[in-house]
Amino acid sequence: MRILLPLLLLITVTAQAAGPGKNAVASAHPLATDAGMEILAKGGNAYDAAIAVAAALAVVEPYSAGMGGGGFWLLHRESDSLQTFVDARETAPDAAIPTMYQDRDGKVVRDWALNGPSAAGIPGQAAAFVHLADNYGKLPLKTSLAPAIRLAREGFEVEDHYRKLAGYREEVLNRFPEAAALFLHNGKVPPAGHVIKQPDLARVLTLLAEKGKAGFYQGEVARKLVEGVEQAGGIWTLEDLANYDVIERSPTVSTFKNARIVSAPPPSAGGIVMGQALNILSQFDGEPDTHLIVEAMRRAYQDRARYLGDPDFVDIPVDKLLSSEYARQRARSINPDEATPSHTLGEPLTVEEGFHTTHLSVLDKAGNRVAATLSINLPFGSGFVPPGTGVLLNNEMDDFSAKPGSPNAYGLVGSEANAIAPGKRPLSSMTPTFVEFDDRVAILGTPGGSRIITMVMLGVLEAANDQPVDAWVNRVRFHHQYLPDEVQAEPEFVGSEAAKELMLRGHHVVSTGRDYGNMQAILWRKGSNEVTAASDPRGIGSAAVSGQAPLKKTGTD
């Protein structure tokens, strides 16, 4: 296991700071939030609770994340101020080659990269659970996984959110009998109230709890995973699974106003892109208007495409991208009165990844905290479940550039920095984040593909203005990612005065046709030890603070 710990973040304090005295969890599903609060009530810390929440989400949110996927975990340990980032992103199998999704004429066959076992990277979720339990948790892994095992055995009820996402992938799920039997009902989207039980997944989680990493990446489970993948045309090997490791990395650290922003480093683009955009805004006096925010987004996303990829394969000029000098240079190219056409800024490159992901935020009474963003890429990932495992595999291989210079499934173009290579981790936008002020701490993140970074950035702007946690998750959202050269916005924004002002300045504002994102956030005010939490009203999740009634929201997205 490789561990890269930042010395500058290993700050030893002489006396342990007092925590908030309260526990809090915000997640995308009420059953997962309940699982986290259950573990905290049993004496677990934030890391134990985060395992419980993520494992429960693996059961009740098969469309978003799971044991066949991976993710990023941002950790803070209050006793010694350690801050670290656990990279459990999927890796390309050793047999992967840059042209594996191209036909003999060099054309990209998107179906190979999206559906079935050929689309799946080696999952990191199970390894992350073991790593957190062994290195940071207080409770045995079997205790933290118990709520998820119970949910998998006893089942959970289908609701409208599940039904909508299953509808997107019904055809693909029906290609693979194991997946269809689990997640559909007689080949159709299950009716509301239908109970989904996953006994094979319960057995996999039990083996993981009993045997640790070997319970998933070796032995019976590994054999079934590889046999299932190989028999359906995939390229996994037992060595791919046995060789998988999480990596601890240094978080990115940037500042905005009086806040210290701790976020995700590569292979996530999130911390660098958000930090760069906020640095650009810092070059202007006063509160940034929507035009300046859009122009900062535009420039940061351009550099996302130019420079970012797996840092173990690509040299990334992190210090330059997050420097004040570079921010001043980029800010000078902004006309405060007029939109800057993207094509005038240089290279027309950008990258996109799948849009269905999940996020959880946890704070324990001692002040330890976790922000974790997890994914299997598209809803229900690749749609493939190796027989006898209950493990729905990701389709994160589509996050690589299948052919640098050629559009991906979203019509966008990828760069050489994110080309496929054995053992490489695809670029991501997942952006789990802490925002630290002298008197308060924010914990937040969201799913949403390439729009994740701008959603978190808008949340950071709200937190920097000392707005309550509800304001972060409720804020109407807009986004610019350099290409396509347009401001993508929620329908409510499109008719606003801010949108009209953007259009007068030459911006092309388009509606996404639906609300997007599913932010989960916690605010700890240190002076009063007040803890508040919020779950995005666009989703079905819930937020809970010990001693308070859970805050459950219902929505359609």
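# Exercises on cores, rings and strands

In the largest nonpolar core, which has 92 residues, the members that touch the most other members are Met67, Trp73, Phe129, Leu145 and Phe216. The model is a predicted one, and the exercises below work from its coordinates.

## Exercise 1. The cores

Find which helix gives the most residues to the largest nonpolar core, and list what Met67 touches beyond residues up to four places away in sequence.

*Solution.* Begin with the helix: α2, covering residues 46–60, gives the most to this core, with 14 residues. Next take Met67, whose contacts, leaving out residues up to four places away in sequence, are Ala58, Pro123, Gln125, Ala126, Phe129, Leu201, Leu205, Leu208, Phe216 and Val391. Finally, set beside this core a second, separate one of 77 residues, which includes Leu308, Phe434, Val469 and Phe478.

## Exercise 2. An aromatic pair and its helix

Classify the ring pair of Trp73 and Phe129 by its geometry, and determine how many residues of helix α4 are buried.

*Solution.* A search over the whole structure gives 12 aromatic pairs. For Trp73 and Phe129, the ring centres are 6.1 Å apart and the planes stand at 85°, so the pair is edge-to-face; the cut-off used in this step is an angle over 60 degrees. The next step is to locate the partners: Trp73 belongs to strand β3 (residues 70–77) and Phe129 to helix α4 (residues 125–135), so the pair ties together parts that are 56 residues apart in sequence. Both Trp73 and Phe129 are buried.

Turning to the helix, 9 of the 11 residues of α4 are buried, so α4 is largely enclosed by the rest of the structure. Those buried residues are Gln125, Ala126, Ala127, Ala128, Phe129, Val130, His131, Leu132 and Ala133.

## Exercise 3. Further rings

Identify the residues that ring pairs link into a cluster, and describe where the charged end of Lys213 sits.

*Solution.* The cluster is made up of Tyr63, Phe156, Tyr162, Phe183 and Phe380, linked by ring pairs. As for the charge, the end of Lys213 sits over the ring of Tyr217, at 5.7 Å from its centre. A further case is Lys526, which lies over the face of Trp524 at 5.5 Å from the ring centre.

## Exercise 4. The surroundings of Arg249

Decide whether Arg249 is buried or exposed, and find the polar contacts that join its side chain to Asp87 and to Asp312.

*Solution.* First place the residue: Arg249 is in strand β7, which spans residues 247–249. Its relative accessible area is 6%, which means that Arg249 is buried, the cut-off for this class being under 20%. Then examine the side chain of Arg249, which is joined to that of Asp87 by a polar contact of 2.9 Å, and to that of Asp312 by a polar contact of 2.9 Å.

## Exercise 5. Pairing around β17

Work out the sense in which strand β17 pairs with β18 and with β13, and name the residue with a positive phi in the hairpin.

*Solution.* Strands of a sheet pair through backbone hydrogen bonds, in either a parallel or an antiparallel sense. Strand β17 (residues 520–525) is joined to strand β18 (residues 530–535) by 6 bridges, and the two run antiparallel; within this pairing, Leu523 has Thr532 in β18 as its bridge partner. The hairpin of β17 and β18 has 4 residues between the strands, and in it Asn529 takes a positive phi near 55°.

Strand β13 (residues 440–445) also pairs with β17 in the antiparallel sense, over 6 bridges, and Arg440 has Arg525 in β17 as its bridge partner. To complete the picture, 5 of the 6 residues of β17 are buried, so β17 is largely enclosed by the rest of the structure.

## Exercise 6. An open sheet

Establish the strand order of the open sheet that contains β14, β15 and β16, and state which strands are its edges.

*Solution.* The 3 strands follow the order β14-β15-β16, with mixed pairing. The edges are β14 (478–479) and β16 (509–511), each of which pairs on one side only. Between strand β15 (residues 487–489) and β16 there are 3 bridges, and these two strands run parallel. One residue-level check completes the solution: Gln488 has Val510 in β16 as its bridge partner.

Key. Residues are numbered from 1 along each chain as its sequence is written. This is a predicted model: local features need pLDDT of at least 70, side-chain atom pairs count only at pLDDT 80 or more; totals for chains, interfaces and linings use all residues. Side-chain values use heavy atoms; hydrogens and water are left out. Buried means under 20% relative accessible area, exposed over 50%, partly exposed in between (1.4 Å probe, protein chains only). A polar contact is a pair of N or O atoms within 3.5 Å; within protein, one must be able to donate a hydrogen and the other to accept it, and residues adjacent in sequence count only if both atoms are side-chain atoms. Rings of Phe, Tyr and Trp (its six-membered ring) pair if their centres lie within 6.5 Å; planes under 30 degrees apart count as stacked, over 60 as edge-to-face and the rest as tilted. A charge sits over a ring if NZ of Lys or CZ of Arg is within 6 Å of the ring centre and within 35 degrees of the ring normal. Two strands pair if DSSP finds at least two bridges between them. A nonpolar core is a set of buried Ala, Val, Leu, Ile, Met, Phe, Trp, Tyr and Cys residues joined through side-chain atoms within 4.5 Å. Contact means heavy atoms within 4.5 Å.
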